[in-house]
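Let's take a walk through this model together, from its interior out to its loops. Have the structure open as you read.

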Amino acid sequence: PASVTLPPALTRQILVSPSSDFQTPTMLPTRFFSGDVTIATVDVNGLITGVGVGETAITVINGLNEFVLPVSVTAPRVGTVMAGVEGTVAQGSDGSLVMLAPGALREAAEVSITPRTEADQPMGMPSGFQFLAGFDLNVGDRPLAIPAQLAIPVPSDIVAGTTVFFLRPGELPNADGTTTQVWLQLDSGVVDEHGMARTTSPPST
């Protein structure tokens with residue numbers, strides 16, 4: 001990621017690769033350093049953990065290359081919040097989190113995440129899929145400059161490490177001019193040790 005916002009105790013993985021799809025490994029080992037471990041720590045594998053509210057930076061060094069990653073650790077705000085280019089962490093009534101890094105919003109906007117049940121969905125789940133959680137996400141009218149990070153609580157019987165998929169309803173045109181409702185995959189994720197489904201696809205990791 002280009003910048004990171006997360007609440008205390010939550011984590012974010014740094015990926016380092018010479019290719020834009022992050023599929024090519026680096027030739028040299030990568031080192032990670034936190035500018036202030038009272039705000040955020042980073043382990044030898046590049047996993048950032050929020051510790052205390054504030055701002056710091058993670059320095060990533062690979063060979064002669066150096067990248068400084070701004071990190072903002074922010075307490076979640078519940079309900080609809082007004083946020084700007086500084087980013088925010090908004091929390092839904094069920095504990096869902098939407099994390100917007102500094103620079104993600106191009107202008108001030110209302111940000112919220114609202115839980116939705118399976119009965120609220122406009123159609124049934126695709127064959128082979130199980131509904132775990134639903135939500136409405138509002139980040140304003142303009143596209144985000146940096147992808148949002150999501151953390152969505154799932155049922156307690158879903159074990160950590162389970163792969164999940166983030167879908168949204170859409171429509172495909174038919175030859176006769178009508179449309180067919182379909183589910184479109186926006187991202188994939190993994191259930192973490194806190195029982196939260198986290199978005200993970202590069203560059204969202």
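Valine 111 makes a good starting point in this predicted model. Leaving aside residues up to four places away in sequence, Val111 touches Gly79, Thr80, Val81, Ala83, Thr88, Ala90, Val98, Leu100, Leu105, Asn138 and Val139. Val111 also belongs to the largest nonpolar core, which has 22 residues; together with Val98 and Leu100, Val111 touches the most other members. Several strands feed this core: β9 (81-83), β11 (97-100), β12 (109-116), β14 (149-153) and β15 (163-173) each supply at least two of its residues. The largest share, 3 residues, comes from β12. A second core, separate from this one, holds 19 residues, among them Val4, Ile39, Ile48 and Met99. As background, nonpolar side chains in soluble globular proteins tend to be buried together.

Now for the loops. Between β1 (4-6) and β2 (11-13) you will find alanine 9. What is the sign of phi at alanine 9? Alanine 9 has a positive phi of about 80°, although it is not a glycine. For context, most residues other than glycine have a negative phi.

Another loop, the one between β6 (54-62) and β7 (65-73), contains glycine 63. With a relative accessible area of 35%, glycine 63 counts as partly exposed, because that value falls between the 20% limit for buried and the 50% limit for exposed. Glycine 63 touches Leu28 and Pro29, again not counting residues up to four places away in sequence. You can also look from glycine 63 to valine 16: they are 47 residues apart in sequence, and their C-alpha atoms are 12 Å apart in space.

How values were computed. Residues are numbered from 1 along each chain as its sequence is written. This is a predicted model: local features need pLDDT of at least 70, side-chain atom pairs count only at pLDDT 80 or more; totals for chains, interfaces and linings use all residues. Side-chain values use heavy atoms; hydrogens and water are left out. A nonpolar core is a set of buried Ala, Val, Leu, Ile, Met, Phe, Trp, Tyr and Cys residues joined through side-chain atoms within 4.5 Å. Buried means under 20% relative accessible area, exposed over 50%, partly exposed in between (1.4 Å probe, protein chains only). Helices (H or I, at least four residues) and strands (E, at least two) are DSSP runs, numbered from the N terminus. Contact means heavy atoms within 4.5 Å.
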